Amino acid sequence: MTDLVLRDIDPGLAGRIRKLAEMQGRSVHDAMAQVLETGVHACEVQLRKQLDLEEEAALKQAIAALEQVPDDAGFGLIGRI
């Protein structure tokens with residue numbers, strides 16, 4: 001496992017992690033690894049939601065643009081001849 005060093009961590013956050021480790025009967029190292037994994041997962045989920053919203057907005061823009069294309073009887077025949 002790769003070693004990471006956290007500098008200038010908020011004392012309150014450090015205390016919460018120590019308390020979490022104590023309550024779970026785990027080492028601070030193991031609790032910190034769990035916190036990081038859970039936090040990274042939460043960030044990834046949030047990013048996916050953000051991308052989904054961006055994709056939804058892009059799709060709505062494309063549909064709106066297509067709705068502005070005038071009807072053309074000949075356009076519907078493309079590929080049928």
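## Helix H1 and its packing against H2

H1 is followed by Gly25, whose phi is positive, near 70°. This is a predicted model, in which local features need pLDDT of at least 70 and side-chain atom pairs count only at pLDDT 80 or more, while totals for chains, interfaces and linings use all residues. Residues are numbered from 1 along each chain as its sequence is written, and side-chain values use heavy atoms, with hydrogens and water left out.

Helix H1 covers residues 11–24; helices are DSSP runs of H or I with at least four residues, numbered from the N terminus. At 1.5 Å a residue, its 14 residues should span 20 Å, and the end C-alpha atoms are 20 Å apart, which agrees. The expected span is 1.5 Å times one less than the number of residues.

At the N-terminal end of H1, Asp10 acts as a cap: one of its side-chain oxygens lies 2.9 Å from the backbone nitrogen of Gly12. A polar contact is a pair of N or O atoms within 3.5 Å, one able to donate a hydrogen and the other to accept it within protein; residues adjacent in sequence count only if both atoms are side-chain atoms. In the segment before H1 is Asp8, which has a positive phi of about 55° although it is not a glycine.

Ala14, Ile17 and Ala21 are buried in H1 (under 20% relative accessible area, against over 50% for exposed and in between for partly exposed; 1.4 Å probe, protein chains only). Seen down the axis of H1, the buried residues fall within an arc of 60°, so they line one face of the helix; the arc is that of the directions from the helix axis to the C-beta atoms. An α-helix has 3.6 residues a turn, so residues three or four places apart point the same way. The face turned away from the buried side carries the exposed residues Pro11, Arg16, Lys19, Glu22 and Met23.

Accessibility values for three residues follow.

| Residue | Relative accessible area | Class |
|---|---|---|
| Asp8 | 82% | exposed |
| Glu22 | 68% | exposed |
| Ala64 | 35% | partly exposed |

The buried residues of H1 pack against helix H2 (28–67). Ile17, Arg18, Leu20, Ala21 and Gln24 in H1 meet Val28, Ala31, Met32, Gln34 and Val35 in H2, where contact means heavy atoms within 4.5 Å. The axes of the two helices come within 8 Å and cross at roughly 110°. H1 and H2 are therefore roughly perpendicular to each other (65 to 115 degrees).

Ala64 is placed in H2; its C-alpha atom and that of Ala33, 31 residues apart along the chain, are separated by 46 Å.

Conventions:
Axes fitted to C-alpha atoms, helices over the stretch in contact; angles between N-to-C directions. Parallel < 35°, antiparallel > 145°, perpendicular 65-115°, else oblique.
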